[in-house]
Amino acid sequence: MSLRLGDTAPDFTAQSTEGEIKFHEYLGDSWGVLFSHPADYTPVCTTELGKTALLKGEFDKRGVKALAVSVDPLDSHLGWKNDINETNNCTVEFPILADPERNIATLYDMIHPNASEKATVRSLFVIGPDKKIKLTITYPASTGRNFQEVLRVIDSLQLTANHSVATPADWKQGEDVIVSPAISTADAIQKFPKGVKEVKPYLRYTPQPNI
Ligand code: BEZ
């Protein structure tokens, strides 16, 4: 059965370009992004892993460890990593997990047989420090993911984990947020000293509380 939000992210041990990884131990108290790509030495995947490497500072700032995975073996990953670095002018420092036995792919339901019998689709899981799954997205092989969107969602997840707010459509760091529907407007006015704007009784905005 596929994994759902709030489920515990399955633990595993796998070889990677950074040595053996015990997943939960590797994440420690960090957030994690585990993302699959269909195959090594393919063009879209080469750009995705390059983009992730170039955004390392952004992931670090948010306390997030990225891990890529495909069903290709470790020697293939090691060779391909050089191509990723060369073509994206980057240095891949995050682990690329080898999953030739499809252990991770099976645990995370990353093979969708009607899309491909053999290769993983572009699955992405954001995992919180409690090891629970906070977000899943699935793209087909032909569409590269938007890693700015991944960072934007992580900003929302980290904000809403700690404050009684939700983030509206297209929200970006620094913009007003929505007061949780569970809080009355009277309580919200006490809780959010920067102010509460009531558009409708169920739609109240407040400035982002953690900046
Ligand atoms: C790619 O990464 O470019 C790719 C991989 C599998 C199918 C189609 C594209």
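Helices here are DSSP runs of H or I with at least four residues, numbered from the N terminus. With that in hand, let's look at how this predicted model holds its ligand.

**The ligand shell**

Seven names make up the surroundings of the ligand: Pro38, Thr42, Pro43, Val44, Cys45, Arg122 and Ala141. Sorted by character, the shell comes out as 5 nonpolar residues, 1 polar and 1 charged. Helix α2 is the top contributor to the shell, supplying 3 residues.

**Polar contacts**

Which atoms of Thr42, Val44 and Cys45 sit opposite the ligand oxygens? Here's the rundown:

| Residue | Atom on the protein side | Distance to a ligand oxygen atom |
|---|---|---|
| Thr42 | polar side-chain atom | 3.0 Å |
| Val44 | polar backbone atom | 2.6 Å |
| Cys45 | backbone N or O atom | 2.9 Å |

On its own, the ligand has 260 Å² of accessible area, and the protein covers 72% of that.

**A closer look at α2**

Helix α2 takes in residues 43–54, 12 residues in total. From first C-alpha to last, α2 reaches 17 Å, close to the expected 16 Å. Its buried residues are Cys45, Thr46, Glu48, Leu49, Gly50, Thr52 and Ala53. Cys45 is thus on two lists: it is buried in α2, and it is also one of the residues around the ligand. As background, an α-helix has 3.6 residues a turn, so residues three or four places apart point the same way.

**Zooming out**

The domain assignment splits the protein into domain 1 (13–145) and domain 2 (163–206). Between the C-alpha centres of domain 1 and domain 2 there are 35 Å.

How values were computed. Residues are numbered from 1 along each chain as its sequence is written. This is a predicted model: local features need pLDDT of at least 70, side-chain atom pairs count only at pLDDT 80 or more; totals for chains, interfaces and linings use all residues. Side-chain values use heavy atoms; hydrogens and water are left out. The expected span of a helix is 1.5 Å times one less than its number of residues. Buried means under 20% relative accessible area, exposed over 50%, partly exposed in between (1.4 Å probe, protein chains only). A residue is near a molecule or strand if one of its heavy atoms lies within 4 Å of it. A polar contact is a pair of N or O atoms within 3.5 Å; within protein, one must be able to donate a hydrogen and the other to accept it, and residues adjacent in sequence count only if both atoms are side-chain atoms. Accessible areas come from the Shrake-Rupley method with a 1.4 Å probe; for residues, only the protein chains shown count as cover. Ala, Val, Leu, Ile, Met, Phe, Trp, Tyr, Cys and Pro count as nonpolar, Asp, Glu, Lys and Arg as charged, and the others, Gly among them, as polar. Domain bounds come from an automatic or database domain assignment.
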